[in-house]
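I opened this notebook to record what I looked up, one topic at a time. The entries follow below.

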Amino acid sequence: MTAAASASEPLSTPPPGTASAPARSRFVVPVLAFCGMVVAVMQTLVVPLLPHVPELTGASAGAAGWLVTVTLLTGAVFTPVLGRVGDMYGKRRVLLASLGVLTVGSVLCALSSDIGVLITGRALQGAALAVIPLGISIIRDELPAERVLPSIALMSSTLGIGAATGLPIAAVVMENFDWHTMFWASAALGLLDLLLVLAIVPESGVRAPGRFDVPGTLGLAVVLVGVLLAITQGSEWGWASAPTLGLLGASVVIGLLWGRYELRTPSPIMDLRVSGRPAVLLTNVAALLIGFSFYANSLVTAQLVQEPTSTGYGLGASLVVSGLCLLPGGLAMVALSPLSARISATYGPRTALALAAVVMTVGYVVRFFTSHSLWLIVAGATVVACGTAIAYSALPALVMRAVPVSETASANGLNTLMRSVGQAGCSAVVTAVLARVTFVAHGRTAPTLHAYLLIFLVAAGAALAALAATLMLPSDRPGRDAARGGERPGGTVTVSPPASAARGNA
């Protein structure tokens with residue numbers, strides 16, 4: 001059947017994933033998940049490198065810290081924006097552009113030891129974080145109903161899987177190869193992603209009408225950069241300093257003006273009326289708190305086991321061993337994504353998210369009482385990772401249940417943004433606690449064991465707060481979506497032309 005014929009008879013053409021669909025459709029989810037993994041790895045790739053950046057580049061420790069901060073900033077800004085662009089102009093196109101930006105950023109970092117070039121490259125890598133909500137949206141548009149939830153669970157979990165696996169990969173490279181090697185490897189993976197998407201992933205025919213909101217995009221960028229700069233740099237500048245308070249104050253004022261504009265414009269970059277619905281708002285609050293709780297697990301595990309034995313609690317582990325402590329958690333997240341999807345499908349995503357928050361809390365309780373043994377530290381970190389896997393698969397299902405299909409990418413982009421904001425807040429808290437709760441051991445200033453235990457308590461508190469937000473969501477009613485005409489599990493989905501028709505119309 002030709003593209004023109006399929007476009008004129010959309011309802012007579014079987015949807016992708018059926019027996020008559022191209023065989024390549026079975027590879028759409030693995031390709032998108034692989035793209036998500038590569039992008040997520042970029043978020044933590046340079047963490048083991050940071051202590052060595054001053055000697056490798058001649059930059060200050062403060063400048064080295066921007067290799068992480070700039071990635072967070074660009075990811076936060078571009079994730080909701082590119083999600084909206086994908087909804088309007090084509091998700092596959094924006095996905096390819098994001099992967100292209102990641103590849104260019106990786107090549108820049110691989111070619112230079114100049115801190116300015118490295119920061120620029122890392123900024124480009126961070127902008128590719130939009131790949132994850134775009135992938136979720138493509139899955140919702142292209143797959144039959146029975147494959148949507150498990151596929152989205154895997155795609156969403158890549159954010160945590162990549163963060164957990166990025167540290168050990170980078171540690172192994174740092175120990176055995178030139179540090180530029182990891183950027184050449186990330187460039188090669190980005191190029192492979194581009195080729196796989198071009199060969200396998202179809203363009204969705206679902207579009208959101210309207211014109212691109214340039215003033216709203218600029219306003220959102222200013223607000224996000226102001227807030228995240230204040231959060232990430234507050235411990236260095238001082239929380240009561242003029243720059244920190246000035247940024248927060250300016251962000252609040254500009255945010256209020258931006259919100260007023262967005263409510264009045266016919267095609268906003270972010271639909272605040274949809275985002276303000278209790279089902280969406282509380283899900284995003286839970287995402288922020290889950291992101292905070294999860295990131296504490298990644299940040300402190302490697303540092304805790306690397307602390308010297310002279311501290312009385314440290315294990316003196318090598319960089320590679322400390323990175324490998326997170327690997328079981330990453331593998332557990334991969335294994336749990338089908339189970340978490342089944343929990344969401346059987347009992348509802350609200351129940352799954354509540355269970356995830358409880359599991360994460362239990363994980364931190366284990367960590368609180370078992371911080372002297374390497375294997376028990378790994379066990380506690382893995383329990384937290386298991387809870388994160390369930391949470392990250394339930395969050396997009398909750399979002400899609402509450403938003404129109406034409407806003408899937410932008411709504412999931414906002415949800416991913418909230419996880420990033422939670423991670424930024426966690427990074428600031430961890431940095432402040434480890435820098436202030438210290439003692440001198442054999443002439444070296446180090447965090448006390450109580451500093452790490454305090455972080456575990458705060459992270460457990462964030463998980464409990466996420467549980468409270470989850471319990472305030474509308475109750476799950478399994479099967480209610482299936483009872484409605486023209487809907488799929490996981491959200492409101494209108495009947496749209498199949499992929500072949502979409503490609504014919506594109």
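I took contact to mean heavy atoms within 4.5 Å. I also noted at the outset that this is a predicted model.

**Entry 1: Cys 325**

I first looked up where Cys 325 sits, and found it in the loop between helix 14 and helix 15 (327–347). Is Cys 325 buried or exposed? I recorded it as buried, because its relative accessible area is 4% and the cut-off for buried is under 20%. Setting aside residues up to four places away in sequence, I listed Thr 301, Val 305, Leu 374 and Val 378 as touching Cys 325. For one of these partners, Leu 374, I looked up the separation from Cys 325: 49 residues in sequence, and 8.3 Å in space from C-alpha to C-alpha.

**Entry 2: Cysteines and disulfides**

I then turned to Cys 109, which is buried with a relative accessible area of 0%. How many disulfides does the count give? With a disulfide taken as a pair of cysteine sulfur atoms within 2.5 Å, I obtained zero.

**Entry 3: Glu 307**

I located Glu 307 in the loop that runs between helix 13 (278–306) and helix 14 (319–324). I entered Glu 307 as buried, because its relative accessible area is 2%. Which residues are in contact with Glu 307, once neighbours within four places in sequence are left aside? I found Tyr 313, Gly 314, Leu 315 and Gly 316, together with Arg 444, Ala 446, Pro 447 and Tyr 452.

**Entry 4: Nonpolar cores**

I looked up the largest nonpolar core and found that it holds 126 residues. The members that touch the most other members are Leu 32, Leu 95, Leu 99, Phe 183, Val 197 and Leu 353. I noted another core lying apart from it, made of seven residues, including Ala 332, Ala 385, Cys 386 and Ala 389. I followed Leu 99 further: beyond residues up to four places away in sequence, Leu 99 touches Cys 35, Val 39, Val 131, Asp 193, Leu 194 and Val 197.

**Entry 5: A nonpolar surface patch**

Finally I examined the surface, where Val 429, Val 437, Leu 454, Leu 457 and Val 458 make a nonpolar patch of about 340 Å². Which helix gives the most to the nonpolar patch? I recorded helix 19 (residues 449–471), with three residues. Leu 457 has its place in helix 19. I classed Leu 457 as partly exposed, because its relative accessibility is 49% and the cut-off for exposed is over 50%.

Definitions and conventions: Residues are numbered from 1 along each chain as its sequence is written. This is a predicted model: local features need pLDDT of at least 70, side-chain atom pairs count only at pLDDT 80 or more; totals for chains, interfaces and linings use all residues. Side-chain values use heavy atoms; hydrogens and water are left out. Patches are made of residues with over 30% relative accessible area and no salt bridge: like charges are joined within 9 Å, nonpolar side chains (Val, Leu, Ile, Met, Phe, Trp, Tyr) within 5 Å. Accessible areas come from the Shrake-Rupley method with a 1.4 Å probe; for residues, only the protein chains shown count as cover. A salt bridge is a side-chain nitrogen of Lys or Arg within 4 Å of a carboxyl oxygen of Asp or Glu. Helices (H or I, at least four residues) and strands (E, at least two) are DSSP runs, numbered from the N terminus. Buried means under 20% relative accessible area, exposed over 50%, partly exposed in between (1.4 Å probe, protein chains only). A nonpolar core is a set of buried Ala, Val, Leu, Ile, Met, Phe, Trp, Tyr and Cys residues joined through side-chain atoms within 4.5 Å.
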